[in-house]
Amino acid sequence: MQQLCSFSLEELKAWMEANGEKSFRAGQLFEWVYVKRASSFDAMTNLSVPLREKLRTHFSYPSIKQLRVLESEDKETLKFLWELPDQKRVESVLILSGDRRTVCVSSQVGCPARCAFCASGREGLMRNLSAAEIVEQVVHINLHLAPLGERVSHIVFMGMGEPLENYEAVVKSIQLLHAPEGLNISQRRITVSTVGVVEQIHRLAKEELKVNLVLSLHAPNQHIRKKIIPYARKYPIEEVLLAMDAYFEETKRDITFEYTLLAGINDYRTHAEELAMLLKDKQCTVNLIPYNPVDGLNLRRPEKEKIEEFRAILEERNINTTWRYTKGKDIAAACGQLALQRVPPQ
Ligand code: SAH
């Protein structure tokens, strides 16, 4: 059995032809999944019953099952828990902000990066998600939005996992989410966040689809970065920054650096000054994310004044900053709070 949402329209056409069906059936099928938001094969009423039966024996759709939805108190963040075909679980977050309907997708079960401040990597990597398992997170949330007359407008690869360590499936999922006959989400509205996997950043720069790329920098120098991001040992800060420059050159997309502020670790005045020097000639934005608490970690978020001071130092030195207002903290849906969900013992 293959997962339907890993197939592009072209691949479905080829499948139809190889299986004695007219190729336009592929267009109908694609439309049912991505445009008409069908929740199963049963709903695809302009496909004959025998064809639906045939599809059911070859393809799984849906491949992931919604187990739970939690809504934050302010109703602007929803967290979805999914069960995968092998009973593993992942989460996605829907963020409602003005007209935007942003889905934060997971790309792996667990995460190999094991950053010191993040819940997602505490038990390492369990497995990669398939393209379908990534795409369906968006497809089902889009279905959830249908009764409200709304649709997903933006996608960020900022859920559980390191997207560039699941390169093929992530790129395939981007192509599928972008497909004009389907969800048709523009490449400018798709953002990939990475801990900094140098060779994969270079590879992504050469892809046809130019998505936004965000680097989790989190430190003004290699010494501090190495302490909080194990991947920094393999990929020194200078190489990561050069790869980001190359991505900028190739795609002309502005660069964003994420900087999670951790009290006493990377939040000193001197760190802000050093960071401004490091980024001096770059056309970039620094997105400051005050640390969100993770159970069992002995880390603290800096005081508000400290964050404001850090920001002011960057701004004075002409570095653009944004301050990510933390959303969904009451449902553990904020950055870094998506953790491995275990199946409770029977
Ligand atoms: N693996 C990708 C996606 C991670 S999640 C990456 O490293 O970029 C998105 C962002 O949230 C990353 O910048 C990540 O470092 C940050 N983050 C992780 N844990 C956090 C926490 N507890 N508080 C604030 N931000 C956190």
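Start with a lining: around the second largest pocket, the residues divide into 9 nonpolar, 3 polar and 6 charged. Keep in mind that this is a predicted model. The pocket holds about 360 Å³ of space, and 18 residues line it. If you want to find its centre on screen, look for Gln 175, Leu 176, His 178, Ala 179 and Leu 209, which lie nearest to that point.

Where does the lining come from? Helix α5 provides the largest share, with 6 residues. Both α1 (9-18) and α5 (167-178) supply at least two residues each. Zoom out to the domains and the setting becomes clear: domain 1 (2-60) and domain 2 (65-331) both give residues to this lining, so the second largest pocket lies between them.

Now follow α1 into domain 1's end of the chain, where there is a cavity to look at. A search of the whole structure turns up 1 cavity of 30 Å³ or more, and the space in this largest cavity is about 30 Å³. Its walls are made by Leu 4, Cys 5, Phe 7, Leu 12, Leu 29, Phe 30, Val 33 and Tyr 34. By class that makes 8 nonpolar residues, with no polar and no charged ones. Helix α2 (residues 24-34) gives the most here, with 4 residues.

Leu 12 is a handy residue to click on, as it is part of the cavity lining and sits in helix α1. Is Leu 12 buried or exposed? With a relative accessible area of 3%, Leu 12 is buried, since the cut-off for that class is under 20%. Its C-alpha atom is 9.6 Å from that of Phe 24, a residue 12 positions away along the chain.

Next, the charged pairs. Side chains of opposite charge can pair when their charged atoms come close. There are 22 salt bridges in this structure, and a few of them are worth a visit.

Take Lys 65 and Glu 83, whose side chains meet in a salt bridge at 3.7 Å, N to O. Lys 65 belongs to strand β3 (residues 65-71) and Glu 83 to strand β4 (residues 77-83), so this pair ties together parts that are 18 residues apart in sequence. The two partners differ in their surroundings: Lys 65 is partly exposed at 49% relative accessible area, whereas Glu 83 counts as buried at 14%.

Strand β3 also carries Arg 68. Which residue does Arg 68 pair with? The partner is Glu 91, and the closest N and O atoms of this salt bridge are 4.0 Å apart. Glu 91 lies in strand β5 (residues 89-97), so the link reaches between distant parts of the chain, 23 residues apart. Here again the acid is the buried member, with Glu 91 at 3% relative accessibility, while Arg 68 is partly exposed at 32%.

Further along the chain, Lys 206 and Glu 250 form a salt bridge at 3.1 Å, N to O. Lys 206 lies in the loop between α6 (198-205) and β11 (212-216), and Glu 250 is in helix α8 (residues 237-251), so the pair ties together parts 44 residues apart in sequence. Lys 206 counts as exposed at 60% relative accessibility, and Glu 250 as partly exposed at 39%. Elsewhere, salt bridges with shared partners join Asp 86, Lys 88, Arg 127 and Glu 133 into one network.

Two more stops finish the walk. The loop between β7 (108-110) and β8 (125-128) contains Glu 123, which counts as partly exposed at 45% relative accessibility. The C-alpha atoms of Glu 123 and Cys 111 are 7.7 Å apart, with their positions 12 residues apart along the chain.

Then there is helix α4 (residues 131-145). Its 15 residues reach 22 Å from the first C-alpha to the last, close to the 21 Å expected at 1.5 Å a residue. How much of α4 is buried? The count is 13 of the 15 residues, so α4 is largely enclosed by the rest of the structure.

Technical notes:
Residues are numbered from 1 along each chain as its sequence is written. This is a predicted model: local features need pLDDT of at least 70, side-chain atom pairs count only at pLDDT 80 or more; totals for chains, interfaces and linings use all residues. Side-chain values use heavy atoms; hydrogens and water are left out. The expected span of a helix is 1.5 Å times one less than its number of residues. Buried means under 20% relative accessible area, exposed over 50%, partly exposed in between (1.4 Å probe, protein chains only). On a 1 Å grid over the protein atoms alone, a cavity is a set of points where a 1.4 Å probe fits but cannot get out, and a pocket is an open set with protein on both sides within 12 Å along at least five of seven lines; lining residues have an atom within 4 Å of a point. Grid points are joined across faces, edges and corners, and a volume is the space filled by probe spheres set on the points. Ala, Val, Leu, Ile, Met, Phe, Trp, Tyr, Cys and Pro count as nonpolar, Asp, Glu, Lys and Arg as charged, and the others, Gly among them, as polar. Domain bounds come from an automatic or database domain assignment.
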